[in-house]
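Student: I should like to take a close look at a single part of this structure. Please treat it in one connected account.

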Amino acid sequence: MTNSRTFTVLDLFSGCGGLSLGLHWAEGPKKEKFKTVAAVDVWEAACRTYEENLEIKPYIEPVSNRLISQIIEKVGPIDLIVGGPPCQGFSTSGKRSLDDPRNKLVFDYLEAIRLAKPKAFLMENVSGFTTFQDGKLLSEVKKAASDLGYKVQTAIVQASLAGVPQRRRRFIMVGTLANSTFSFPGSEASNKKPDGDLDYDLTFRDGEEKWTIWDAISDLPSLSAGKASFDYKTAPQNSLQEFLRAGNELLTLHKAVNHSANFVKMMSYIPQGKSALDPEILKTIPDDIRPGSGYPNSYARLKQDQPAPTITRNFTTPSSANCIHPSDDRALTPREGARCQTFPDNFVFLGTPEEVRLQIGNAVPPLLAKKLGDELLRILSE
């Protein structure tokens, strides 16, 4: 702890910085705050974005014991380690899941905790983490963290229950040296615990979501395919838009993908909440522009009265994702995707268009991170 009101953070597998950004917004019961003192990732474009916005130059190299020791020597004690180590979780037989080289990054994350011995840690991952290797990986990670002296709690958290205008289910594991109960966002409304090693599964519950996609993007101007705008359509329409505007006057990243004329015409037949592949919709589309096949969520138009579905790297590709604008015949723009992820408009994404989309789609929604950070600060302040 650098002083009585600031707790230090080490962000591993940091990406473009969504988790750190949200933690910096968090506040404890006595105005305690987080300060990220080091970040690590191997993706150069994401690291440049991180440095541009958070004013910390990440280490662009793999997580290793040598690097963690070097960071500790440079910055001193670490209060909180956070991160989302990628893993593949394929089935293995006759060996521990953590010994599988495909899960090496999860092992490296645990090694960093062992070396730094922070007061708390937070691990974020895909919801499928709970079923990797038939649940063996989750059980082994929980046991390994418990053996290091941490009280470990886990949940599948629904981001829309934490003030995010997006339905995004993520696995969250929290470990604390204090014997305190971590309250996951949304857990107050559900005291039911699922079977197995997972403590909470906080899935969508009707009527308990605060924001829709339209709440997030309705102040942005309508666009045709291939067009861009640098001016806002209206003043902020609600407190979420006011927060996301962040005082900006110049709109950035609001440029639509340039779909073909036939593709645009095909989208015009799709009502909100429906896909071109729905049998009733498909038969209304002329044969020469009708899609032949696709994924179940392909060629689907978003419903403006609901949160967005999970924003992935494909949120500008209707043939691969549910991402057609609620009223315009086009995919979402990068700015609309960033809004659904709760990145403010003054957050600068660096890299190629493809790298920017991937950074947005891979990130932890900052408002979800803030909610988690608020609760971590409550526990750390004790």
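How many bridges join strand S6 (residues 151-158) to S7, and do they run parallel or antiparallel?

Tutor: In this predicted model, strand S6 (residues 151-158) and S7 are joined by eight bridges and run antiparallel. Two residue pairs illustrate the register. Thr-154 of the one strand faces Met-173 in S7, and Gln-158 has Arg-169 in S7 as its bridge partner.

Both strands are well covered. Strand S7 comprises residues 169-176, and seven of its eight residues are buried, so S7 is largely enclosed by the rest of the structure. The count for S6 reads likewise: seven of the eight residues are buried, so S6 too is largely enclosed by the rest of the structure. Buried here means under 20% relative accessible area.

Each of these strands has a further partner. Strand S5 (residues 120-126) pairs with S7 in the antiparallel sense over seven bridges, and Phe-121 stands opposite Gly-175 in S7. S6, for its part, is joined to S8 by three bridges, and these two strands run parallel. In that pairing Val-157 lies opposite Leu-202 in S8.

These pairings belong to an open sheet of eight strands with mixed pairing, in the order S3-S2-S1-S4-S5-S7-S6-S8. Its edges are strand S3 (59-60) and strand S8 (200-202); each has a single partner strand, so one side of each is left without a neighbour in the sheet. At the S3 edge, S2 and S3 run parallel and are joined by two bridges, with Ile-60 in S3 as the bridge partner of Asp-41.

Between the two edges, S4 is paired on both sides. S1 and S4 pair in the parallel sense over four bridges, and Leu-12 stands opposite Gly-83 in S4. S4 and S5 also run parallel, joined by four bridges; here Gly-83 stands opposite Met-123 in S5. Gly-83 thus appears in both pairings, facing Leu-12 and Met-123. The residues of S4 alternate in direction: Leu-80 and Val-82 point one way, Ile-81 and Gly-83 point the other way, and all are buried.

A helix also lies against this part of the sheet. Helix H12 (residues 366-381) lies across S1, S2, strand S4 (80-83), S5, S6 and S7, and runs at about 120° to S2. Both S6 and S7, the strands of your question, are therefore among those that H12 lies across, given that contact means heavy atoms within 4.5 Å.

The loop leading into S5 deserves attention as well. Lys-117 is placed in the loop between helix H4 (104-116) and S5. Its relative accessibility is 40%, so Lys-117 counts as partly exposed. Not counting residues up to four places away in sequence, Lys-117 touches Ile-78, Ala-112, Leu-148, Gly-149, Tyr-150 and Leu-177. Lys-117 and Val-152 are 35 residues apart in sequence and 14 Å apart in space, C-alpha to C-alpha.

The sheet also contributes to the largest pocket. About 800 Å³ of space lies in the largest pocket. Its lining is made up of 37 residues, and Phe-13, Gly-84, Pro-86, Arg-170 and Asn-362 lie nearest its centre. Strand S1 (6-12), helix H1 (18-25), strand S2 (33-41), S5 and helix H11 (353-362) each supply at least two residues of that lining. H11 gives the most, with four residues. By residue class, the lining divides into 18 nonpolar, twelve polar and seven charged residues.

H11 itself has a buried portion: Val-356, Leu-358, Gln-359, Ile-360 and Gly-361 are buried. What covers the buried residues of H11 includes helix H2 (44-54) and helix H10 (334-340).

One backbone detail concerns the approach to S2. Lys-31 is found in the loop between H1 and S2, and has a positive phi of about 70° although it is not a glycine.

To return to the part you asked about, S6 and S7 are joined antiparallel by eight bridges. S5 pairs with S7, and S8 is joined to S6.

Key. Residues numbered from 1 in each chain as written. Predicted model: local features only at pLDDT ≥ 70, side-chain atom pairs only at ≥ 80, totals over all residues. Heavy atoms only, no water. Buried < 20%, exposed > 50% of the residue type's maximum accessible area, 1.4 Å probe, protein only. Pairing = 2+ DSSP bridges. 1 Å grid on protein atoms, 1.4 Å probe; cavity = no way out; pocket = protein on both sides within 12 Å on 5 of 7 lines; lining within 4 Å. Points joined across faces, edges and corners; volume = space filled by probe spheres on them. Nonpolar A, V, L, I, M, F, W, Y, C, P; charged D, E, K, R; others polar. Axes fitted to C-alpha atoms, helices over the stretch in contact; angles between N-to-C directions.
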